[in-house]
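Me: Could you take a close look at one part of this model for me, the nonpolar interior, and then work your way outwards from there? Keep it chatty, but stick to residues I can click on.

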Amino acid sequence: MKRIVYVLMFTWMMLAFFQTAAFAAENPPELIAETAILIDATTGAILYEKNKDALMEPASTTKMITCLLAIENLPLDKIVTVDAETPFTEGSRIYLEEGEEITVEELLYALMIESANDTAVALAKEISGSVEGFADLMNERARELGAKNPSFKNPNGLHLEGHFASAYDLAMIAKAGMENPVFRMFVSTYKHTIPETNKKVERYIYNTNRLIYDEVTKVSVKGVMRPARYEGATGIKTGYTSHAGGCLVSGAKRDGTELIAVVLKSTDLNRYGDSIALLDYGFENYYTYKAVESGLELEDLEVTRGTVNHVSVEIKEDMYLTLPREASPELVTTEAVMDEIIVAPVAKGQQVGKIEVYEGGSLVGEIPILAAEDVPEGMFLSRFGVEDSVSAEVEKYVVITAGTIVFFLLLFVSLRIRQKLRRKALREKRAREIAEDRARKLKELEQRRWPY
């Protein structure tokens, strides 16, 4: 394999040190929540977990997958007409009325800010026709996003037998949601005004997530009372029922590092204290590092049997790693590994190599190197490394040369034929002249013999 080493190099002494050093994060938090997880929102790396796979009632954190499915399946400006059953949904709601006409966008604001259960039902029915059909879609989509074993039974998280998800499941859903800018907009909004509808006057709604705004309420974080508002908070979703306890999926971003924390079965206020403790722990002990940047310039690769004998390549995505705070970026190295032989035709987007990423000498990931253009199969001479543009010139000169040779051959043959014809004509003329001269002489001879 043909290998080209790019970017970062470091000494063998440093490599040996990092390979043997143990990066033990300090002071992992003790939580009230029965289950929890903390992940890097960019890389998905798990930074802390407490019974992360235990199936728990997720309460209104369920609405994350409902929101994401609505964004993916409905235009935001689509008008939804509320049916007769939806207004009777229990719990937190915006009191939709039968026959009320309201856009998907406003339903989503109410869903993720006010945590309205009736809007969840309205969206579910608009997408799937029924709550039961929508639940199947929720579970299917959640598994596609990396959730292991969710069991969603309704779109809002109200208590229902068999409605479960794990902290890990919710973290995967939240990670996917935060990669969607529309989802991110809804979960980070503090307050919103729902315009007047055909049934209701303006509604004013406020986010239930205290991490975004609340500087008055104090919560206990590792024994210290602190404001609930968290610097860099990005959302995401609260949840509370008497069966589920206090639940919170939270996000925060600082200095290029974004984290997602999930706590389940805590208490109303301690879910905020638990989340703050987790986020503090993550920012204090880890950071996100861009190991490979899209657009990195790489040399063209050789192509055989193509219209051209090279192809430009590209990297179309960034790659990030989660590193301990005490780890230097010099710990990370990258190596480009190209395909040994690339034979045309080559399609744009075809993988022709990869960037391998190493952390402390261990392979931790790879990014595909893709062909940036099509290279069709070339003409006959491409088998000998001759590009079609050169082949065309060669063919042109071959044709011209062959044509010239043929022309001169024809000219030569024509001249030879004309020469033969001329000689034949001369011979025939000479023969006639000789015959005529002989006839004339015979006539003269006869006249001499017979003068009378």
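Reply: Leu108 is a good place to start: leaving out residues up to four places away in sequence, Leu108 touches Cys67, Ala70, Ile71, Leu76, Leu123 and Phe186. Bear in mind that this is a predicted model. Zoom out a little and Leu108 turns up, along with Met64, Phe183 and Ile236, among the residues with the most contacts inside the largest nonpolar core, a set of 59 residues. Helix H6 is the top contributor to this core, supplying nine residues. Apart from that core there's another one, made of 28 residues, including Val313, Val332, Ile367 and Ala371.

Now for Phe164, which sits in the loop between helix H5 (131-144) and helix H6 (167-178). Phe164 counts as partly exposed because its relative accessibility is 30%, and buried would need under 20%. Setting aside neighbours within four places in sequence, you'll find Phe164 in contact with Leu55, Met56, Glu57 and Pro58, and also with Pro150, Ser151 and Phe152. Ala54 is worth clicking on too: its C-alpha is 9.3 Å from that of Phe164, though 110 residues separate the two along the chain.

Last stop, the surface. Here Phe407, Phe408, Leu411 and Leu415 make up a nonpolar patch, and together they have about 400 Å² of accessible area. If you want to find the patch quickly, look for Phe408 in helix H10, which covers residues 388-449.

Definitions and conventions
Residues are numbered from 1 along each chain as its sequence is written. This is a predicted model: local features need pLDDT of at least 70, side-chain atom pairs count only at pLDDT 80 or more; totals for chains, interfaces and linings use all residues. Side-chain values use heavy atoms; hydrogens and water are left out. Patches are made of residues with over 30% relative accessible area and no salt bridge: like charges are joined within 9 Å, nonpolar side chains (Val, Leu, Ile, Met, Phe, Trp, Tyr) within 5 Å. Accessible areas come from the Shrake-Rupley method with a 1.4 Å probe; for residues, only the protein chains shown count as cover. A salt bridge is a side-chain nitrogen of Lys or Arg within 4 Å of a carboxyl oxygen of Asp or Glu. Helices (H or I, at least four residues) and strands (E, at least two) are DSSP runs, numbered from the N terminus. Buried means under 20% relative accessible area, exposed over 50%, partly exposed in between (1.4 Å probe, protein chains only). Contact means heavy atoms within 4.5 Å. A nonpolar core is a set of buried Ala, Val, Leu, Ile, Met, Phe, Trp, Tyr and Cys residues joined through side-chain atoms within 4.5 Å.
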